[in-house]
Amino acid sequence: MAPDPQPNAPRPASVAVAVTGASGALYAMRTVAALLEQGVHVELVVSDYGRRLLRDELGETATVERLVPFLAAKYGDGVHAGSVLVHSNRDLGATIASGSHGCRGMVIVPCSMKTLAGVAHGLSRNLVERAADVMLKERRTLVIVPRETPMSLPQLKNMVLCAEAGAMILPAMPAFYQLPTTLDDLADFMAGKILSALGFEHALYPAWTGQVER
Ligand SMILES: Cc1cc2nc3c(=O)[nH]c(=O)nc-3n(C[C@H](O)[C@H](O)[C@H](O)COP(=O)(O)O)c2cc1C
């Protein structure tokens, strides 16, 4: 058997990213690209409506199967620093369905109100919900990026339940004090907030200096 070329090399951080059927595919793509640029191993799971969302909002080339070429074309070759493993949302035997798997954290971006409800009530009906449940029970970082407006009382209560269980609720609410001029600026801001929540340093938006920089 060939020797391991770097037996003591640290393993790259592994982060689960779930994409569900709420509006905001660009947030998801920028988040995955930014994690890959950091050399992260991304464990990706996309719901059926998440797949539809990617196509509807970003076009026919934005498929899960051709994700890395899509990201490289949009964000550059830096995305090749990391790796992606795609899981089926129906596979409850996938690595991220178990607490013994060393996933550092998880983000659901964007998170539909349906998936939010499933996480809030610990339903584990599919891999997105199960992996989120694992993050909560293992006391690991779970970032939920809900997108809906206006919100009903059950939806608001589901966010409270998730926050009480330890998740970070990070709504898809980009700020405007950075004077964004493109949709990509807005996506950079949201991806930056998500990376910060997951414990990564980044330069996706400039730090607030106390005044608007024109
Ligand atoms: C075009 C389109 C846009 C949608 N936008 C949202 C949304 O912004 N927020 C939301 O909670 N649900 C939205 N939905 C509804 C969800 O996709 C639907 O509840 C779905 O069952 C979610 O399933 P999932 O969480 O497994 O992806 C949208 C559906 C469609 C077809």
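The legends below describe close-up views of a predicted model, centred on the ligand and on Thr 115.

**View 1. The shell of residues around the ligand.** In this predicted model, the ligand is surrounded by 13 residues, of which the closest are Gly 21, Ser 47, Ser 112, Thr 115 and Arg 147. By residue class, the shell around the ligand divides into 6 polar, 4 charged and 3 nonpolar residues.

**View 2. Helices that contribute to the shell.** Helix H2, which spans residues 48-58, and helix H4 each supply at least two residues of the shell around the ligand. The most is given by H4, which provides 3 residues of this shell.

**View 3. Polar atoms of the ligand and their partners in the protein.** One oxygen-to-backbone pair places an oxygen atom of the ligand 2.6 Å from a polar backbone atom of Gly 21, while at Ser 47 an N or O atom of the side chain is 2.6 Å from an oxygen atom of the ligand. At Arg 147, a polar backbone atom is 2.7 Å from a nitrogen atom of the ligand. On its own the ligand has 640 Å² of accessible area, and the protein covers 70% of this area.

**View 4. Thr 115 and its surroundings.** Thr 115 lies in helix H4, which comprises residues 113-120, and is listed among the closest residues to the ligand. Because its relative accessibility is 6%, Thr 115 counts as buried, the cut-off for that class being under 20%. When neighbours within four places in sequence are left aside, Thr 115 is in contact with Thr 20, Ile 108, Val 128 and Glu 129.

Conventions: Residues numbered from 1 in each chain as written. Predicted model: local features only at pLDDT ≥ 70, side-chain atom pairs only at ≥ 80, totals over all residues. Heavy atoms only, no water. Helix = DSSP H or I, 4+ residues; strand = E, 2+ residues; numbered from the N terminus. Buried < 20%, exposed > 50% of the residue type's maximum accessible area, 1.4 Å probe, protein only. Contact = heavy atoms within 4.5 Å. Near = heavy atom within 4 Å. Polar contact = N/O pair within 3.5 Å; in protein donor to acceptor, adjacent residues only side chain to side chain. Areas by Shrake-Rupley, 256 points an atom, 1.4 Å probe, with all protein chains shown as cover. Nonpolar A, V, L, I, M, F, W, Y, C, P; charged D, E, K, R; others polar.
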